[in-house]
2 protein chains.
Amino acid sequence: MAKRRSETKEENRGKLIAAARKAFAEKGYSAASMDELTAEAGLTRGALYHNFGDKRGLLAAVVEQIDTEMAARAQQIGARRGNDWLGLLAEGAAYIEMALDPEVQRIVLLDGPAVLGDPSKWPSQNSCLQVTKRAVDGLIAQGIVKPLDAEAVARLLSGAALNAALWVAASENAHDVLPKAVEAFRSLATGLLAEPL
Amino acid sequence: MAKRRSETKEENRGKLIAAARKAFAEKGYSAASMDELTAEAGLTRGALYHNFGDKRGLLAAVVEQIDTEMAARAQQIGARRGNDWLGLLAEGAAYIEMALDPEVQRIVLLDGPAVLGDPSKWPSQNSCLQVTKRAVDGLIAQGIVKPLDAEAVARLLSGAALNAALWVAASENAHDVLPKAVEAFRSLATGLLAEPL
DNA sequence: AATTTGACATACGGCCCGTATGCGGATATT
DNA sequence: AATATCCGCATACGGGCCGTATGTCAAATT
C-alpha cells in the first residue's frame, strides 16, 4: 500500500473528528472520554494529542467543522432567496431549524461557548453571526433596515434564533412549537424595518 | 456557644455557596476544584457532598441564588416603570446590563446551560424568562403586543438580550457598544407592537 | 443519662487528562 | 541503493479530581 504520510494523517484527523462529534453530541464534552473516543476511531490518545494539542483543541476542530457545514447551508438559502428582506427572514428560520439538531445544540450552543469562550474568538468565527451580519449590512445600505449597528443586530438576531431553537428542542412537541417560534422571530425582525410594511 | 444545628448548617451552606460563586466565576465550573472550594470556606468536601449531593448540585444552588437576585432587580424595575410597553423595554435593557457582570456571564450564561441543561428545567425556573413572559402576557392581553405565543416571545427576547450582553462584555470598549446593543434591542422589540407607534 | 440522630471529616478507589519517552515506517540525503 | 533523519503515533507514567464508604463527635431525643 505505502500511503503518503500527510495523507494518512488527514485520514486520521478525520476519523478523530468524526468520533468526537458522535461522543460529544451523545455524552457532552466533559463526560466524553478521550480513551473511548480514540479507541472508537481505531487510534490512541497519542494521535489525538499530536493532532489537536489537547481536548479543547479537538472540540474546536469539531465546532469548526459543524460551523462550516451550517455556513454552507445558510449560503445556499441566502443565494436562493436573494439578499433581500425575505432572505434574512428565511435565514433566521433556517438557523432555528438547524439548531434543532442535537449535535448542533450540544456541541455548538452549549459546550462550545462554555469551553471555548465567546464565539467571536473561535477559529471558525461563528458562521451564523457572520452570515447574518453581512445580510443586515446589505439591507441597511439599501435603506430597508434602520441604520443600526450591523453587528449588534446580528448578535441579537442570532441570539434570539438560537435561544428559540433551544426552547423548541426542549419541548415535548417540537413540531407544535416550532411555528410559534418562527412566527415570533418574524415579528421581532419587522421591528428592524425602516418603514412599516 | 452551642449553636443550633440547623443554624450552623445554613451558615455553612451559605459559606459554600459564596465560595463556589467566587471559584466558578473566576475559574469556570470545570476548572474549579471542590477541595480548594471547600477549604476556602473552612470546610471539607464532606460538607459539600452532604449539602448539595454533588458538584452539579452546588452549581444549581449558586445559579438559583444569582437568578433570584436578578429576578428581584427586574421586579424592581418593572414595578417602577409600570407594566406597560416602556417597562418591558427597560427590563430588557436591565437584563443586558446585569449580564455584564462576569459572575452572571460565566455561571448563568455559559456553564449553567452546559452543565444543567435547558434553563426551563432549572430549579429556579430562570427568572429572566419568567419575568419577561409575564410582562409579555400582560401586554398581549392589553392588545399592545401582537397575539403571539408569550413564551416564544419571551424566549426570543431573553435570548437576544443575553447574547447582546455576551457581545458587549467580550468587546474591548464595553461602554461604547452597550448603547448600540440597547438601541438594537429596542428596535427589534418594536416589531412586536400590534400597531406602529 | 443513655441513645439516637445528623452534620461533617477522613480514607479509599477509579477515572481521566497531560507529558515524556519509545518505536517503526516514510522521507530525505549522498 | 544504503544510510540517516524525521514524523506520526503508541506506550508508560504521574498527578489531580470526583464520588462513595466509613468514622466521629456534638446536638437532639427519650
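The following legends describe close-up views of a predicted model in which two protein chains, A and B, lie beside DNA strands C and D.

**View 1. Residues of both chains surround DNA strand D.** The surroundings of DNA strand D comprise 20 residues, and the closest are N12(A), T44(A), M34(B), R45(B) and Y49(B). Sorted by class, this surface holds 8 charged, 6 polar and 6 nonpolar residues. Sugar or phosphate accounts for 70% of the atoms of DNA strand D that lie within 4 Å of the protein, and the bases account for the rest.

**View 2. Phosphate oxygens of DNA strand D approach atoms of A47(A), H50(A) and A32(B).** In chain A, a polar side-chain atom of H50(A) is 3.1 Å from a phosphate oxygen of the strand. A polar backbone atom of A47(A) lies 3.4 Å from a phosphate oxygen of DNA strand D. In chain B, the contact is made by a backbone N or O atom of A32(B), at 3.2 Å. Two or more residues of the surface near this strand come from each of α1 (5-27) and α3 (45-52) of chain A and α3 (45-52) of chain B. The largest share, 4 residues, belongs to α3(A).

**View 3. Residues of both chains also surround DNA strand C.** Around DNA strand C there are 20 residues, of which M34(A), R45(A), Y49(A), N12(B) and T44(B) come nearest. The surface near this strand consists of 6 nonpolar, 6 polar and 8 charged residues. Of the strand's atoms within 4 Å of the protein, 72% are part of sugar or phosphate, and the rest are part of bases. Which helix gives the most residues to this surface? That helix is α3(B), with 4 residues. At least two residues each are supplied by α3 of chain A and by α1 (5-27) and α3 of chain B.

**View 4. Side chains of K55(A), N12(B) and T44(B) meet phosphate oxygens of DNA strand C.** An N or O atom in the side chain of N12(B) is 2.4 Å from a phosphate oxygen of the strand. For the side chain of T44(B), the corresponding distance is 2.5 Å. From chain A, the side chain of K55(A) places an N or O atom 2.9 Å from a phosphate oxygen of DNA strand C.

**View 5. Aromatic rings of F24(A) and Y29(A) pair beside a lysine.** Over all chains, the count of aromatic pairs comes to 2. In chain A, the rings of F24(A) and Y29(A) form a tilted pair, 5.4 Å centre to centre and with 55° between the planes. Are these residues buried or exposed? F24(A) is buried because its relative accessible area is 1%, under the 20% limit. Y29(A) is buried as well, with a relative accessible area of 11%. The charged end of K55(A) sits over the ring of Y29(A), 4.7 Å from the ring centre.

**View 6. F24(B) and Y29(B) form an aromatic pair in chain B.** The ring centres of F24(B) and Y29(B) are 5.4 Å apart and the planes meet at 55°, so the pair is tilted. Both residues are buried. Over the ring of Y29(B) sits the charged end of K55(B), 4.7 Å from the ring centre.

**View 7. R155(A) is a buried residue of helix α8 in chain A.** Helix α8, which contains R155(A), covers residues 150-170. R155(A) counts as buried because its relative accessibility is 2%. The C-alpha atom of R155(A) is 12 Å from that of S127(A), a residue 28 positions away along the chain.

Definitions and conventions
Residues numbered from 1 in each chain as written. Chains lettered and ligands numbered in written order. Predicted model: local features only at pLDDT ≥ 70, side-chain atom pairs only at ≥ 80, totals over all residues. Heavy atoms only, no water. Near = heavy atom within 4 Å. Polar contact = N/O pair within 3.5 Å; in protein donor to acceptor, adjacent residues only side chain to side chain. Nonpolar A, V, L, I, M, F, W, Y, C, P; charged D, E, K, R; others polar. Phe/Tyr/Trp six-rings, centres within 6.5 Å; stacked < 30°, edge-to-face > 60°. Buried < 20%, exposed > 50% of the residue type's maximum accessible area, 1.4 Å probe, protein only. Lys NZ or Arg CZ within 6 Å of the ring centre and 35° of its normal.
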